[in-house]
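Open your viewer and get ready to click along with this short tour. At each stop you will hear what to select and what to look for.

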Protein chains: 2
Amino acid sequence: MSEYEHTCMIRGDGGKTLRAILDQICNKWTLLIVATLDQGTLRFSDLVQQIPGISQRMLTLTLRNLQRDGLVDRAVFAEVPPRVEYTLTAVGKSLIPPALALAGWAIEHVPHIEESRKAYQSGS
Amino acid sequence: MSEYEHTCMIRGDGGKTLRAILDQICNKWTLLIVATLDQGTLRFSDLVQQIPGISQRMLTLTLRNLQRDGLVDRAVFAEVPPRVEYTLTAVGKSLIPPALALAGWAIEHVPHIEESRKAYQSGS
DNA sequence: CGGGATCCTATATGATACTG
DNA sequence: CAGTATCATATAGGATCCCG
């Protein structure tokens with residue numbers, strides 16, 4: 001039943017490699033931006049509108065990181081007013097299935113987790 | 001090619017539900033602890049030894065959260081010296097496959113990401 | 001329109017010392 | 001052994017204003 005032979009992928013080098021990547025992915029906005037860009041190419045203002053609550057600052061920062069890591073392409077058009085379009089790269093798209101796996105797990109277990117939290121509260 | 005129909009799982013309610021759970025999972029130690037506990041039942045001191053760099057404080061805090069969320073069982077034995085054993089619950093174990101999926105993605109793309117970072121640096 | 005620059009706060013994490 | 005308590009710090013994230 002145990003998957004111990006495989007969890008070395010997580011524990012690996014003490015989890016360093018994995019966590020370095022995970023830190024980039026599991027911040028507040030990355031998955032949301034990637035999931036939104038799965039629709040296709042979008043402009044900066046499109047992303048602001050479609051991602052509720054994100055600030056310009058965090059959108060810019062997160063997009064820069066995604067671009068730096070090669071998950072997103074950034075195309076600037078020399079027009080007035082300026083136009084900048086963002087598109088998922090192949091690597092960016094490849095992140096979606098594992099992200100969905102985690103999202104599926106989370107959504108599937110939300111009821112159990114919330115129940116457990118209530119029981120824990122009343123217990124202590 | 002697009003998985004847009006499915007990414008609503010991520011975007012859902014603006015990502016709120018997913019991120020509430022993700023915040024618990026993607027902190028510095030949670031996945032490492034869960035992966036370590038996949039071996040089976042372990043004592044507090046076992047975890048300290050097997051997880052390099054973790055402090056007693058963070059191990060305690062993270063274990064409490066996992067226990068509260070029903071991912072880990074905590075068993076206290078009234079002995080001297082005290083013995084406390086931690087075990088993954090079924091829900092806790094169920095987190096491992098999606099975690100492995102993400103870990104697999106990360107490890108598979110580390111080379112590409114590092115390459116992209118170097119290119120980004122020299123570009124700017 | 002698409003940011004950059006600046007300031008600010010909350011929180012996660014760490015170090016250390018103490019205890020039943 | 002398995003924590004708790006306290007203090008300190010780094011950083012993520014947010015608010016606001018300005019610019020080409």
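Start by selecting helix H3 (residues 30–37) of chain A together with H5(A): in this predicted model, the two helices pack at an angle of about 75°, with their axes 10 Å apart. Angles of 65 to 115 degrees count as roughly perpendicular, and H3(A) and H5(A) are therefore roughly perpendicular to each other. Now show the side chains where they touch. H3(A) brings A:Thr30, A:Ile33 and A:Val34 to the contact, while H5(A) brings A:Leu59, A:Thr62, A:Leu63 and A:Leu66. Colour these by class and you will find five nonpolar residues, two polar ones and no charged ones.

**Next stop: DNA strand C**

Keep H5(A) on screen and add DNA strand C. Which element gives the largest share of the surface near this strand? That is H5(A), with four residues. Select the whole surroundings and you have 18 residues, of which A:Gln56, A:Arg74, A:Tyr86, B:Lys28 and B:Arg57 come nearest. On the DNA side, sugar and phosphate make up 64% of the strand C atoms that come within 4 Å of the protein.

Now zoom in on three individual contacts, each with another part of the DNA:

- Pick A:Arg43, where a polar side-chain atom lies 3.1 Å from a phosphate oxygen of DNA strand C.
- Move to A:Arg57, where an N or O atom of the side chain is 3.4 Å from a base oxygen of DNA strand C.
- Finish at A:Pro82, whose backbone supplies an N or O atom 3.3 Å from a sugar or linking oxygen of DNA strand C.

Zoom back out to see which elements take part. Those giving two or more residues to the surface near DNA strand C are helix H4 (44–50), helix H5 (56–68) and strand E3 (83–88) of chain A, plus helix H5 (56–68) of chain B. Coloured by class, this surface shows eight nonpolar, four polar and six charged residues.

**Across to DNA strand D**

Hide strand C for a moment and select DNA strand D with its surroundings. Here 19 residues surround the strand, and the closest are A:Lys28, B:Ser45, B:Gln56, B:Arg74 and B:Tyr86. Sugar and phosphate account for 60% of the atoms of DNA strand D that come within 4 Å of the protein.

Where should you look for contacts with phosphate? Try B:Arg74: an N or O atom in its side chain is 2.5 Å from a phosphate oxygen of DNA strand D. Then try B:Tyr86, whose side chain also places an N or O atom 2.5 Å from a phosphate oxygen of this strand. For a contact with a base, go back to A:Arg57, which you met at DNA strand C; a side-chain N or O atom of A:Arg57 is 3.0 Å from a base nitrogen of DNA strand D.

H5(B) gives the largest share of the surface near DNA strand D, four residues. The elements that each supply at least two residues here are H5 of chain A, along with helix H4 (44–50), H5 and E3 of chain B. By class, you will count eight nonpolar, four polar and seven charged residues.

**Last stop: the sheet of chain B**

Turn off the DNA and show chain B as a cartoon. Three strands form an open, antiparallel sheet in the order E1-E3-E2. Its edges are strand E1 (42–43) and strand E2 (72–77), each pairing on one side only.

Select E2(B) and strand E3 (residues 83–88) of chain B: six bridges join this antiparallel pair. Follow the rungs and you will see B:Val72 with its bridge partner B:Leu88, and B:Asp73 opposite B:Thr87. A hairpin of five residues links E2(B) to E3(B).

On the other pairing, two bridges join E1(B) to E3(B), again antiparallel. Label B:Arg43 here, and you will find B:Glu85 of E3(B) opposite.

To end, add helix H3 (residues 30–37) of chain B. This helix lies across E1, E2 and E3 of chain B, running at about 95° to E3(B).

Conventions
Residues numbered from 1 in each chain as written. Chains lettered and ligands numbered in written order. Predicted model: local features only at pLDDT ≥ 70, side-chain atom pairs only at ≥ 80, totals over all residues. Heavy atoms only, no water. Near = heavy atom within 4 Å. Polar contact = N/O pair within 3.5 Å; in protein donor to acceptor, adjacent residues only side chain to side chain. Nonpolar A, V, L, I, M, F, W, Y, C, P; charged D, E, K, R; others polar. Pairing = 2+ DSSP bridges. Contact = heavy atoms within 4.5 Å. Axes fitted to C-alpha atoms, helices over the stretch in contact; angles between N-to-C directions. Parallel < 35°, antiparallel > 145°, perpendicular 65-115°, else oblique.
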